[in-house]
Amino acid sequence: LRTPLTVLKGELQVVLQDKKVTPEKYKTAITSSLEEVDRLIALSTRLLRLSAGPASQSEECVVKDVLHITLSRLRPLLNKKHLSIKQHVIPIVVPMAEADLVEVLSVIIDNAIKYSSFGDVIELYAKVENQKVEISIIDKGPGIAPQDMPHIFERFYRSKQAVDGGYGLGLALAQKLVVEAGGTIAVESRPGRTCFSVHLPG
């Protein structure tokens with residue numbers, strides 16, 4: 001929490017100490033501060049969820065509906081890089097709260113967007129195999145470095161190749177939510193292809 005708070009405080013102090021500050025600078029500082037506040041809210045939410053006990057597993061959701069919600073939320077990021085989605089999804093119900101599965105898929109698809117090149121295609125699959133539901137997200141990014149693979153689900157782990165200022169909590173939370181639902185999450189990666197697979201009870 002210290003880093004975003006320090007950034008927030010520093011930006012506000014600079015503006016307050018500037019005797020020639022203009023309304024435009026005030027607006028820029030406030031906008032930047034609001035972005036940091038949003039980051040702090042997201043960070044706090046994920047930290048609380050990571051420290052919470054298992055949620056009730058009495059809820060169910062439809063994978064196709066969850067993907068629709070997730071893609072709607074991420075549409076601005078997809079459009080910004082002119083990315084397209086290729087889906088092969090059959091109607092499947094899984095024993096997981098809709099909000100939790102939205103969080104899991106948001107984390108994985110958001111990462112796919114970050115590491116995809118302009119105009120790439122991200123592939124989404126959902127199928128039933130061996131009485132298990134398998135949800136796969138495939139991107140054509142540079143791949144995950146071999147030295148990073150054993151650590152990507154660790155809390156606060158960030159690769160040297162990370163492309164944003166995240167905190168290394170997304171995949172840790174995704175794994176926790178999937179495991180609580182009785183499932184597993186795995187990844188296979190090589191240059192030009194990374195596939196995250198979520199397996200849940202059918």
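This is a chat about a predicted model, going from its sheet to a few single residues.

Biologist: Okay, the sheet first. What order do the strands come in?

Modeller: The order is 2-4-5-7-6, in an open sheet of five strands with mixed pairing. Strand 2 (84-89) and strand 6 (184-190) are the edge strands, each pairing on one side only. On average, neighbouring strands here are turned by 15 degrees against each other, ignoring direction.

Biologist: And what holds strands in a sheet together, in general?

Modeller: Backbone hydrogen bonds do the pairing, and it can be parallel or antiparallel. You can find both here. Strand 2 and strand 4 pair in the parallel sense over six bridges, while strand 4 and strand 5 pair in the antiparallel sense over seven bridges.

Biologist: Can you give me some residues to click on?

Modeller: Sure. For the parallel pair, take Lys86, whose bridge partner in strand 4 is Glu123. For the antiparallel pair, Ala126 has Ile135 as its bridge partner in strand 5, and Val128 has Val133 there.

Biologist: How many residues sit between strand 4 and strand 5?

Modeller: Two residues, and the two strands form a hairpin. Look at Asn130 in the turn: Asn130 has a positive phi of about 55 degrees.

Biologist: Now the helices. Which strands does helix 4 lie across?

Modeller: Helix 4 lies across strand 4, strand 5, strand 6 and strand 7 (193-201), and runs at about 25 degrees to strand 5.

Biologist: And helix 5, is that mostly covered or mostly open?

Modeller: Mostly covered, with nine of its 11 residues buried. The buried ones include Leu171, Leu173, Leu177 and Val178, and Lys176 and Glu180 are on that list too. After helix 5 comes Gly182, which has a positive phi near 85 degrees.

Biologist: Switching topic: how many aromatic pairs are there?

Modeller: The structure holds one aromatic pair. The partners are Phe153 and Phe196, with ring centres 6.4 Å apart and planes at 85 degrees, so the pair is edge-to-face.

Biologist: Why is 85 degrees called edge-to-face?

Modeller: Because planes over 60 degrees apart count as edge-to-face, and these planes are at 85 degrees.

Biologist: Where do the two rings sit in the chain?

Modeller: Phe153 is in the loop between strand 5 and helix 5 (170-180), and Phe196 is in strand 7, so the pair ties together parts that are 43 residues apart in sequence.

Biologist: Are those two buried or exposed?

Modeller: Phe153 is buried, at a relative accessible area of 18%. Phe196 is buried as well, at 6%. The cut-off for buried is under 20%, so the 18% of Phe153 makes it in.

Biologist: What does Ser136 do in all this?

Modeller: Ser136 lies in strand 5 (residues 132-139). With a relative accessibility of 6%, Ser136 counts as buried. Its side chain makes a polar contact with the side chain of Glu134 at 3.2 Å, and another joins the side chains of Ser136 and Ser197 at 3.4 Å.

Biologist: Who else does Ser136 touch, further along the sequence?

Modeller: Leaving out neighbours within four places in sequence, Ser136 is in contact with Glu123, Leu124, Tyr125, Cys195, Phe196 and Ser197. Phe196 is the one from the aromatic pair.

Biologist: Cys195 is on that list. How many disulfides does the count come to?

Modeller: The count comes to zero disulfides. Cys195 is buried, at 8% relative accessibility, and Cys61 is buried too, with a relative accessible area of 4%.

Biologist: Last one: where is Gly119?

Modeller: Gly119 is in the loop between helix 4 (98-115) and strand 4 (121-129). Its relative accessible area is 42%, so Gly119 is partly exposed.

Biologist: Which residues does Gly119 touch, beyond those up to four places away?

Modeller: Gly119 touches Lys81, His82 and Leu83. Take His82: it is 37 residues from Gly119 in sequence, yet their C-alpha atoms are 4.9 Å apart in space.

Note on methods
Residues numbered from 1 in each chain as written. Predicted model: local features only at pLDDT ≥ 70, side-chain atom pairs only at ≥ 80, totals over all residues. Heavy atoms only, no water. Helix = DSSP H or I, 4+ residues; strand = E, 2+ residues; numbered from the N terminus. Buried < 20%, exposed > 50% of the residue type's maximum accessible area, 1.4 Å probe, protein only. Contact = heavy atoms within 4.5 Å. Polar contact = N/O pair within 3.5 Å; in protein donor to acceptor, adjacent residues only side chain to side chain. Pairing = 2+ DSSP bridges. Axes fitted to C-alpha atoms, helices over the stretch in contact; angles between N-to-C directions. Disulfide = S-S within 2.5 Å. Phe/Tyr/Trp six-rings, centres within 6.5 Å; stacked < 30°, edge-to-face > 60°.
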